[in-house]
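Me: I should like to learn how to read the features of a protein model, step by step. May we begin with the way in which two helices are described relative to each other?

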Amino acid sequence: MELAKAFDPNTAEGWYKTWEENGFFAPEINEDETSPTYSIVIPPPNVTGSLHMGHALQHTLMDVLARWKRMQGYRTLWLPGTDHAGISVQRKVVEQLKKDEGKSPIDVGRDEFVRRAWKWKDQYGNTITTQMRREGASVDWSRQRFTMDEDLSLAVRSVFVALYDEGNIYRGLRIVNWCPKDKTVLSDLEVKEETKKDGKLTYLKYPVQGTDRTITVATTRPETMLGDTAVAVNPSDERYADLIGKVVDLPLTGREIPIIADEYVDAEFGTGAVKITPAHDPNDYLVGERHGLEQLLVMDDAGKMNAAAGTDFEGLDRFEAREKVVARFDELGLLEKVEDYEITLPICERCKTIVEPILSEQWFVKMDEMRDIALDVMRSEGVPHFFPQVPHEKVYTNWLENLKDWTISRQLWWGHQIPAWYDDEGNVFVALTEAEARTKAGGKELRQDQDVLDTWFSSGLWAFSTFGWTGENGVTETPDLDNFLPTDVLVTGRDIIFLWVSRMVMLTKKFTGKIPFGDVVVTGTVLGKDGKPMSKSRNNGVDPIEMFDKFGVDATRVYLASIATGADIKWNDLLIETYRNFANKIWNATRFCLLNSDNASIRPLDAAEARSMAAADRWILSRLTRTSQAVNKALETYQYHEAVSLLYHFFWDDFCDWYIELKKDEITSGDADASSFILSVLEQALRLLHPFMPYLTEELWQKLPGVGRGLHNPAYANAEQTIMLADFPKGDRQFIDDIAENEISAVIELITKIRNIRAEMNISPSIKFVVHVAGSSVLREILAANEEQILKLARASKLVLSTALVVPKASAKAVLSGGTEVAVPLEGLIDFEKERGRLQTQVEKLGIELQRLDRQLSNGNFVERAPVEKVRELRERKEEIEQQTSAIKLNIEALG
RNA sequence: GCCGUCUUAGCUCAGCGGUAGAGCACUCGCUUCACACGCGAUAGGUCAGAAGUUCAAAUCUUCUAGACGGCACCA
């Protein structure tokens with residue numbers, strides 16, 4: 001069989017279809033009932049989303065684990081799905097409605113709007129699932145879930161009702177984060193910050209009744225003064241002591257408000273007097289509660305001033321009103337000053353609009369019990385076990401300890417409508433269905449709460465709602481819950497540890513009694529080439545699909561897996577090219593093996609048989625085995641980059657550069673045994689690589705002579721043949737062969753030294769020379785056994801082995817470890833000056849090391865306190881260096 | 001303000017108590033019959049700076065400088 005000259009990722013990526021059609025991704029492919037299970041649920045991407053590099057990274061890491069465990073025989077489930085993404089979808093549908101029909105959501109009404117949203121989801125919502133197939137993600141599509149599926153929605157209502165009934169969900173009037181553009185409340189976590197350097201601090205003077213004095217307050221939001229209901233000072237502030245209890249004529253409003261004393265006020269800051277606007281500031285709200293102040297709301301849901309702001313201001317946008325208030329104060333002579341002031345403003349995470357703190361009635365989850373559940377699980381079980389542990393465990397714990405209640409209502413139409421109904425008197429009835437609510441209400445006509453739940457409320461149930469849990473009145477036990485919960489690991493970005501991870505821990509533990517997952521792998525951020533997070537506005541994004549097209553999915557995956565766990569990385573095309581080249585290298589190594597495989601076939605590796613094989617064969621088996629062991633060990637602790645590095649060097653250095661080269665003659669001469677053996681080693685190595693490069697390895701594996709389902713892990717004995725289900729190499733200790741490793745190391749060292757002489761002496765590769773080696777009898781035996789290979793790889797014509805060198809003066813020499821000496825007679829070719837310099841450099845290098853060793857060994861403390869083994873090691877090394885040095889010095893002298 | 005991370009070869013990054021590593025780039029040499037997406041051989045680092053702990057520090061501690069992240073506050 002002859003392969004194309006270069007790897008074509010496009011062809012290989014066609015394997016996905018076969019895998020999916022054969023049901024390889026479903027846990028049911030595993031026929032061994034005693035198999036342990038392994039499960040991962042995907043962080044559900046937004047249905048509005050298309051694949052970005054963060055997904056590609058996370059999916060790669062999850063897929064590596066799923067494929068690895070599946071090959072090990074675990075009944076493996078990686079469950080896919082998408083999130084309904086409340087605000088995002090709502091916005092898309094609003095836009096579409098406006099563009100296509102010039103209508104607003106109100107024009108079409110809620111029911112029609114929701115219908116359109118579903119239509120939108122059906123039409124565009126599978127972009128990402130299509131892209132995931134390209135990635136090679138081995139997810140079980142038969143279990144795909146959507147957060148608004150019927151049963152997942154029932155789970156949401158069940159949890160809501162249960163939490164409400166026990167008092168952990170309540171409705172209340174609070175200062176919340178309001179986005180005037182989206183016209184919805186946001187949780188604290190959805191609010192980001194933006195620093196504004198050109199902010200202003202405005203000082204307003206309020207006249208005090210019965211005096212000729214004014215009291216000056218400073219504010220960054222002057223328009224809110226229209227809603228002031230007090231001025232507060234610190235009780236111990238002497239400057240204002242006599243004003244406490246007096247009344248202020250609040251300008252522009254005709255209202256009278258009191259001057260009150262409250263510890264909240266910092267006498268040192270600003271003027272020491274603070275305007276109190278309980279309906280528009282969280283701190284003021286608390287002050288207002290303490291003093292029984294009126295809560296005067298002066299803005300509407302679009303951020304415009306309302307009737308309470310007075311006729312002069314009603315209908316003005318908050319920023320217009322701000323200017324007008326300042327202008328009016330100026331006219332009245334009550335504007336003290338306006339200072340430049342750097343402020344940080346809260347902005348809506350999604351639309352970047354400045355968020356308005358506003359008094360509003362919303363639904364909340366009380367976090368006391370939830371927090372305790374999460375802290376408990378962390379303290380008692382160390383769950384979640386974050387990888388990397390630092391800094392996430394501490395940040396997570398600290399966040400929990402300072403947790404505030406969670407605002408869960410959203411003023412949207414797309415999402416899970418809150419299962420609460422009201423009668424005409426405003427009594428609330430919370431139930432799973434309207435019918436139940438009506439029963440509770442004694443049959444009265446009811447109206448459902450118009451709000452929907454925060455998207456993260458339903459995602460918080462993802463770890464168990466996806467397995468069929470619908471709640472106490474429905475299903476709380478299913479085979480999938482039993483088999484796959486707790487899941488083994490969650491792979492996610494650090495931006496949603498609070499939003500999502502914490503809530504899954506709380507809600508899963510509370511409602512199923514189980515933890516959602518043991519381990520959490522926290523990925524870093526893939527940054528743009530400029531070192532900044534990828535974003536549309538910066539235009540520094542790298543599209544994974546483009547990378548797939550350019551370098552292949554496999555190369556992209558290995559690059560992503562090569563990033564240290566949790567570390568941020570600047571995107572770099574050069575590195576992905578490295579792995580594109582790596583794929584091609586493996587392709588060509590296989591190509592070589594297959595070119596000479598006429599009568600060959602892969603066969604099981606047998607330890608007893610191996611013992612009688614040549615050193616090179618035993619060496620590659622030993623290297624393969626160590627690599628297998630190390631790859632397994634690295635993956636156990638999610639050290640993907642370590643595994644990648646191991647595989648890269650095994651394939652490139654050990655297998656290609658040395659093993660193939662050592663065996664080339666044998667194999668090209670048509671030795672079927674040699675050919676079968678190298679194919680068998682290659683086959684094992686492809687299995688090791690498969691989780692990282694699924695397409696390449698499947699494409700090649702299927703071409704190997706003798707592959708079949710017999711190579712599968714026993715759990716998949718009857719499945720169609722695929723490397724996906726082959727048994728993952730464990731690394732059987734029997735194949736570890738220290739002797740062979742030492743022997744081949746000696747051969748490699750010798751060849752390298754000879755090549756060095758050739759290069760340094762500028763001897764053309766076409767000139768073959770005689771090589772003399774003097775060394776121990778053991779060494780001579782090894783070299784003699786590998787003579788042909790040494791001659792070939794060193795481009796030598798003859799190998800002369802002896803106990804002591806007998807060579808002409810015009811020879812280039814080198815000293816190997818163990819005191820072995822090498823000489824290459826170069827009559828007429830040698831440049832004595834150059835040779836002397838070459839040897840001198842080596843002496844100098846050794847001298848530096850010798851000095852350091854001497855320093856350490858002459859330090860009595862070291863010899864006394866360091867482990868004896870360490871001391872012996874250094875002494876041996878010193879001896880070795882001294883031996884080499886004197887040998888090289890003799891060689892220099894011999895040059896004359 | 002509080003908590004935390006990073007600073008290692010020209011570039012991008014591993015290593016995190018016992019002789020400084022990789023890939024790419026650079027230099028030199030190769031149409032060696034798998035691969036120039038290749039082969040061979042070199043060169044390149046006082047591991048940000050300072051002090052400390054230790055027989056031993058890139059690795060632990062403290063401080064300094066620079067880059068950055070999270071949380072809180074922001075009249």
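Reply: Angles between helix axes run from 0 to 180 degrees between N-to-C directions. Angles under 35 degrees count as roughly parallel, those over 145 as roughly antiparallel, 65 to 115 as roughly perpendicular, and the rest as oblique. Please keep in mind that the model before us is predicted.

Me: At what angle do the axes of helix 11 and helix 12 cross?

Reply: The axes of helix 11 (residues 368–381) and helix 12 (residues 389–401) cross at roughly 150° and come within 9 Å. Helix 11 and helix 12 are therefore roughly antiparallel to each other. Helix 11 passes helix 12 in a left-handed crossing.

Me: How are helix 26 and helix 28 placed, parallel or antiparallel?

Reply: We apply the same procedure. For helix 26 (738–760) and helix 28 (residues 787–794), the axes come within 9 Å and cross at roughly 30°. Helix 26 and helix 28 are therefore roughly parallel to each other. The crossing in which helix 26 passes helix 28 is right-handed.

Me: Which word describes helix 18 and helix 20?

Reply: Helix 18 (residues 544–551) and helix 20 have axes that cross at roughly 45° and come within 11 Å. Helix 18 and helix 20 are therefore oblique to each other. Their crossing is right-handed.

Me: Let us turn to sheets. How should one read a strand order?

Reply: Strands of a sheet pair through backbone hydrogen bonds, either parallel or antiparallel. In this model, one open sheet has three strands in the order 17-25-24, and its pairing is parallel. Its edge strands, each pairing on one side only, are strand 17 (385–387) and strand 24 (487–493). Neighbouring strands of this sheet are turned by 25° against each other on average, direction ignored.

Me: Over how many bridges do strand 24 and strand 25 pair?

Reply: Strand 24 and strand 25 (residues 517–523) pair over six bridges, in the parallel sense. Within this pair, T487 stands opposite F517 in strand 25.

Me: What is the order of the open sheet of four strands?

Reply: The order of that sheet is 11-12-10-13, and the pairing is mixed. Strand 11 (247–250) and strand 13 (273–276) are the edge strands, each pairing on one side only. On average, neighbouring strands of this sheet are turned by 30° against each other, direction ignored. Strand 10 (residues 230–233) and strand 12 (residues 255–261) run parallel and are joined by three bridges. Here V233 stands opposite A261 in strand 12.

Me: Where in the backbone are there cis peptide bonds before P384 and P391?

Reply: The angle to read is omega. The peptide bond from V383 to P384 is cis, with omega near 0°. P384 is found in the loop between helix 11 and strand 17. The peptide bond from V390 to P391 is also cis, with omega near 5°, and P391 is found in helix 12.

Me: What is notable about the phi angle of N762?

Reply: N762 has a positive phi of about 55°, although N762 is not a glycine. Its place is in the loop between helix 26 and strand 28 (769–774).

Me: Finally, how does one read the surroundings of RNA strand B? Which residues come nearest?

Reply: One asks which residues lie within 4 Å of the strand. Of the 62 residues around RNA strand B, those that come nearest are A218, V274, N283, K394 and R865. Of the atoms of RNA strand B that come within 4 Å of the protein, sugar and phosphate account for 66%.

Me: Which element contributes the largest share of that surface, and how do its residues divide?

Reply: Helix 20 (residues 573–595) contributes the largest share of the surface near RNA strand B, with twelve residues. The residues of the whole surface divide into 26 nonpolar, 16 polar and 20 charged.

Me: Which atoms of T219, C656 and R795 take part in polar contacts with the RNA?

Reply: A polar backbone atom of T219 is 3.0 Å from a sugar or linking oxygen of RNA strand B. A polar backbone atom of C656 is 3.4 Å from a base nitrogen of the strand. In R795, an N or O atom of the side chain is 3.3 Å from a sugar or linking oxygen of RNA strand B.

Key. Residues numbered from 1 in each chain as written. Chains lettered and ligands numbered in written order. Predicted model: local features only at pLDDT ≥ 70, side-chain atom pairs only at ≥ 80, totals over all residues. Heavy atoms only, no water. Polar contact = N/O pair within 3.5 Å; in protein donor to acceptor, adjacent residues only side chain to side chain. Helix = DSSP H or I, 4+ residues; strand = E, 2+ residues; numbered from the N terminus. Nonpolar A, V, L, I, M, F, W, Y, C, P; charged D, E, K, R; others polar. Pairing = 2+ DSSP bridges. Left-handed = near helix turned anticlockwise from the far one by under 90°.
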